[in-house]
Protein chains: 2
Amino acid sequence: MAARAGVSPATVSRFLRGQRVRSYEAIQTAIDELGYWPSAAAQSLKSGRTNTIGVVVPDITNPYFAAVVKGMESVTRTEPYRILLANSDESSEQEDDVLADLVRRVDGIILAPATEQDETPLHVRDADVPLVFVDRDLAGGERFDAVLVDNDGGGRQAAEHLLALGHTRVAAISGSLDTTPGRLRREGFVSTLAKAGVEVPPEYDLVGDFKEHSGYQLTLSLLSLPEPPTAVFAANNLMTLGALKALHDMRIDIPGQISLIGFDDLDTGPLLRPPLTVVDRPMFEQGVLAMRLLLRRLDPDDGGGMASRVVLDTKLIERASTAPPGGHPSPARTRKTRSR
Amino acid sequence: MAARAGVSPATVSRFLRGQRVRSYEAIQTAIDELGYWPSAAAQSLKSGRTNTIGVVVPDITNPYFAAVVKGMESVTRTEPYRILLANSDESSEQEDDVLADLVRRVDGIILAPATEQDETPLHVRDADVPLVFVDRDLAGGERFDAVLVDNDGGGRQAAEHLLALGHTRVAAISGSLDTTPGRLRREGFVSTLAKAGVEVPPEYDLVGDFKEHSGYQLTLSLLSLPEPPTAVFAANNLMTLGALKALHDMRIDIPGQISLIGFDDLDTGPLLRPPLTVVDRPMFEQGVLAMRLLLRRLDPDDGGGMASRVVLDTKLIERASTAPPGGHPSPARTRKTRSR
DNA sequence: CTGAAAGCGCTTACAG
DNA sequence: CTGAAAGCGCTTACAG
């Protein structure tokens, strides 16, 4: 390339970074003719930066994580950074594998850990790779930046809503209790009920894995009880869909026989049979905030200050899938939908 | 690192690639103590390979593309490759920008082009970066590998379904006609109707951009006509959701007043009000096939043979959102749902 | 089996 | 303003 333009590589390099150069015409011509692009690998080797951010989420087909990733990308779009994306599929092993590889390739990592107990992510920083948690925290992760939501408060909102409707036979189908959201949503829900004198018996207190299938299965097992609950709280969007499918399949009237409340809104939430009552939270915005925190850490001027721990609020969206127990099913159309 | 173990870098390198080495104990110890990982940048510079695949889709929050990307990742998981993900947001400019950057960073690219007319992707191969199209083709892209679906056939299936139900006032809300799927779905639909003697007048033949908002707006404009259609074909999942929302908002009975048929199934498809009749197609599988094609191109043993052009079939899934025109609205529960 | 050396393609402090 | 040179951290053919 330099030869083609009749100059030294140093001069080409200077031209590319916008310095004034005598032979800029010859260089530009050579660039155009050769379709020349500087090698990212060589630049990385020299600079020690890859301009790449690793993002590891449990499942990109979960609309929540898709929105979070899109939020991240909206930030990197105007920056020189690109996103290296990986799924952990809710598995610590896959997460560890992919982190080991990413650490060599990226300037920083945003992670939604598969479990709270995994130690591996804590070692990522040993490799001098800044780490930000999104959606989920890690036991011992307080030293790291994180963007979370008030899962405990969200569980409380769900419980208060069901209590206000008069439910006393209330079930929870939780995500893995090894995860921050799985544990805290359940705790917020169960403890709020307990304070109101409503106990959740073991057979109503079921634990799954945040996947649709477990929402489906756990709901079926609730329905097979001699005395099924009158209301069900599902721990995330996919489990809620699974629960909804199970209720449909078993021809259960919602909310006539059973009320259903979910965590995380869905694009289709208002269009479902019935429209879903959910605890909603920011998605796109969480991604934006997490990426901003990380880029700040990558800024050479960053003082390396204390970890930023952002906790966002949840919000109840009442639709038609919840109603007083045994109450007459209220047709969706006549019920006032509160929506954003 | 090499110094720490008291050997040369060459020996460390040999150890890492599994060759027999005398001082393997000292090396392993040094690796463990230092948390040493070989630099990906240096390896890339040396080998000329990045072990990274660039994936550019219009919108990762579209469940179709999320599933396609997950399919791709299921292939790379067992390979040394990682995925660099970018959204074009249906914009050629953003696509061009990101491609220019990716070309320097990746070994190959899988692209769902924002328009058929863009020339830029054709130049990607000038940089010796293999390119595979997924979901959408490019004018002049025949020389490239591609994994597509039979969009024309899908449009035909939709038309035949509505014809069989007896519809004659039929509307299409299409995606951008600058894209393969936008153009071909409309053509297959309109031409099949025409052969049966059903013309789609201009006011029923509307064009949007594959986003939910355009589905919403175009459906509203159909409803404002003096004589609205009795059936609507929406060009993708997001436009179908937009159409559904518009019909709900205007209190239109589906399928009593208007039948709605979409392209692309949704996870929530069977749970919607009413359950949606759609033209379905493989999603995950498309991603798998596209990634396999690309990895084959990257195989040094690949003969560089002809372009592989894979075209997958679509399949009609009849649910409750379509019925004969003016027919009595059939309650979802009593209608037999044909599902996968 | 092992080390010295060259080279991948950049960038930048140093001389000119 | 410009070039020669060094160096980023690997890998590999070459000698030993």
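How many salt bridges does the rule find across the interface of chain A and chain B? Keep that question in mind as you open the viewer; the tour will come to it shortly. One thing to know before starting: this is a predicted model.

**Stop 1: the two protein chains**

Colour chain A and chain B separately. Laying chain A on chain B takes a turn of 180° with a shift of 0.0 Å along the axis, and the RMSD is then 0.1 Å. The two copies are therefore related as by a two-fold rotation axis. The same surface serves both of them, with 100% of the contact residues of chain A recurring in chain B.

**Stop 2: where the chains meet**

Now select the residues of each chain that touch the other. You should find 52 residues of chain A in contact with 52 residues of chain B. Between them the chains bury about 4600 Å², and carbon and sulfur atoms make up 56% of that area. On the chain A side, highlight A:Arg104, A:Leu271 and A:Arg273: these lose the most area to chain B, together 17% of what that side buries.

Here is the reply to the opening question: the rule finds 6 salt bridges across this interface. To view a salt bridge between the chains, show A:Lys70 and B:Asp59 as sticks; their closest N and O atoms are 3.1 Å apart. Polar contacts link the chains too, with a count of 31 residue pairs, both at pLDDT 80 or more.

**Stop 3: the domains of chain A**

Hide chain B for a moment and colour chain A by domain. The domain assignment gives domain 1 as 2-38, domain 2 as 47-150 + 283-312, and domain 3 as 151-281 + 316-334. The C-alpha centres of domain 2 and domain 3 of chain A lie 30 Å apart.

Select the contact between these two domains of chain A: 17 residues of domain 2 meet 22 residues of domain 3. The area buried here is about 1400 Å², with 46% coming from carbon and sulfur atoms. In domain 2 of chain A, pick out A:Glu116, A:Val149 and A:Asp150, which lose the most area to domain 3, together 35% of what that side buries.

Across this interface between domain 2 and domain 3 of chain A the rule finds 3 salt bridges, and 12 residue pairs are in polar contact, both at pLDDT 80 or more. The domain 2 side that touches domain 3 in chain A divides into 5 nonpolar, 4 polar and 8 charged residues.

**Stop 4: DNA strand C**

Bring chain B back and show the DNA. Around DNA strand C there are 23 residues, the closest being A:Ser13, A:Tyr36, B:Thr11, B:Arg14 and B:Arg22. Of the strand C atoms that come within 4 Å of the protein, sugar and phosphate account for 62%.

Zoom in on these residues of chain A:

- A:Gln43 has a polar side-chain atom 3.0 Å from a phosphate oxygen of DNA strand C.
- A:Ala42 has a polar backbone atom 3.5 Å from a base nitrogen of DNA strand C.
- A:Lys46 has a side-chain N or O atom 3.4 Å from a base oxygen of DNA strand C.

**Stop 5: DNA strand D**

Move to DNA strand D, which also has 23 residues around it; A:Thr11, A:Arg14, A:Arg22, A:Lys46 and B:Ser13 come nearest. Here sugar and phosphate account for 60% of the strand D atoms within 4 Å of the protein.

Select A:Arg22, where a polar backbone atom lies 2.8 Å from a phosphate oxygen of DNA strand D. At A:Ser8, a side-chain N or O atom is 3.1 Å from a phosphate oxygen of DNA strand D. Finish at A:Lys46, with a side-chain N or O atom 3.2 Å from a base nitrogen of DNA strand D.

Methods
Residues numbered from 1 in each chain as written. Chains lettered and ligands numbered in written order. Predicted model: local features only at pLDDT ≥ 70, side-chain atom pairs only at ≥ 80, totals over all residues. Heavy atoms only, no water. Domains from an automatic or database assignment. Contact = heavy atoms within 4.5 Å. Buried area = accessible area lost by both parts, 1.4 Å probe. Salt bridge = Lys/Arg side-chain N within 4 Å of Asp/Glu carboxyl O. Polar contact = N/O pair within 3.5 Å; in protein donor to acceptor, adjacent residues only side chain to side chain. Nonpolar A, V, L, I, M, F, W, Y, C, P; charged D, E, K, R; others polar. Least-squares fit on C-alpha atoms with pLDDT ≥ 70 in both. Near = heavy atom within 4 Å.
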